[in-house]
Amino acid sequence: MVRRDDCFATTAAAVEIVTADGERHNLHQRAARGSDDNPMTDRDLEDKLREAAARAVPRNDIAALTDAIWTVEDCADIAKLTALTVPR
């Protein structure tokens, strides 16, 4: 059964699983990964992009895209960055 508890923040969650033998397993997450209260690291963000790109186009090298994203402030032409999002 899933139940909403207004005591929890929108990004928080708790789960309790009771196995057939009566054993209880509990997990509480204060804030979802990637939320303001539990932000992802730069490495986490790159890994997430790499994994998503690999599912879409296996063997797609996204090194140029990640480099362009991390230096977007210096980009004179955003069209060059957006072109990197199209698999070759």
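How many positive and how many negative side chains does the chain have, and how far apart do the centres of the two sets lie? The chain has 12 positive and 17 negative side chains, and 5 Å separates the centres of the two sets. The legends below walk through this predicted model, beginning with the whole chain and then moving to single places along it.

**Figure 1. The whole chain, with its three helices and two strands.** Welcome to the overview. Following the sequence, you meet the elements in the pattern β-β-α-α-α. The radius of gyration is 20 Å, well over the 12 Å that the globule rule gives for 88 residues, so the chain is more spread out than a compact globule. Along its principal axes, the C-alpha trace spans about 60 × 30 × 20 Å. Of the 88 residues, 11% count as buried. The chain exposes about 7,600 Å², and carbon and sulfur atoms supply 53% of that area. Among contacts with a separation of 6 or more, 11% come from residues 24 or more positions apart.

**Figure 2. The segment before β1, with T10 in view.** Start here if you like to read from the beginning of the chain. T10 is placed in the segment that precedes β1 (13–18). Is T10 buried or exposed? T10 counts as exposed because its relative accessibility is 73%, and the cut-off for exposed is over 50%. For a sense of distance, look across to A54: T10 and A54 are 44 residues apart in sequence, and their C-alpha atoms are 30 Å apart in space.

**Figure 3. The hairpin formed by β1 and β2.** This view shows how the two strands meet. β1 pairs with strand β2 (residues 24–29) in the antiparallel sense, over six bridges. Two of the facing positions are easy to find: A14 stands opposite H28 in β2, and V18 stands opposite R24 in β2. Five residues lie between the strands of the hairpin, and in the turn G22 has a positive phi of about 90°. How many of the six residues of β2 are buried? The number is zero, so β2 lies largely in the open.

**Figure 4. L45 in helix α1.** Now we move on to the helices. L45 is found in α1, which covers residues 42–56. With 39% relative accessibility, L45 counts as partly exposed. Which residues does L45 contact, once its neighbours within four places in sequence are left aside? They are M40 and W70. G34 is another useful landmark: L45 and G34 are 11 residues apart along the chain, and 8.9 Å separates their C-alpha atoms.

**Figure 5. T66 and A68 in helix α2.** Two residues share this view. T66 lies in α2, which covers residues 63–70, and A68 is found in α2 as well. T66 has a relative accessible area of 6%, while A68 has one of 18%. Each value falls under the 20% cut-off for buried, so T66 is buried and A68 is buried. Now look at what they touch, not counting residues up to four places away in sequence. T66 touches E46 and L49, whereas A68 touches L81 and L84. One more distance helps with orientation: A68 and T82 are 14 residues apart in sequence and 9.4 Å apart in space, C-alpha to C-alpha.

**Figure 6. C75 in the loop between α2 and α3.** Our last stop is a loop. Where is C75 found? C75 is in the loop that joins α2 to α3 (78–83). C75 is partly exposed, with a relative accessible area of 32%. To place C75 against another residue, look for L65: the two are 10 residues apart along the chain, and their C-alpha atoms are separated by 12 Å.

Note on methods. Residues are numbered from 1 along each chain as its sequence is written. This is a predicted model: local features need pLDDT of at least 70, side-chain atom pairs count only at pLDDT 80 or more; totals for chains, interfaces and linings use all residues. Side-chain values use heavy atoms; hydrogens and water are left out. Helices (H or I, at least four residues) and strands (E, at least two) are DSSP runs, numbered from the N terminus. The radius of gyration is taken over C-alpha atoms; the globule rule is 2.2 Å times the number of residues to the power 0.38. Buried means under 20% relative accessible area, exposed over 50%, partly exposed in between (1.4 Å probe, protein chains only). Contact means heavy atoms within 4.5 Å. Accessible areas come from the Shrake-Rupley method with a 1.4 Å probe; for residues, only the protein chains shown count as cover. Lys and Arg count as positive and Asp and Glu as negative; His and the chain ends are not counted. The place of a charge is taken as NZ of Lys, CZ of Arg, CG of Asp or CD of Glu. Two strands pair if DSSP finds at least two bridges between them.
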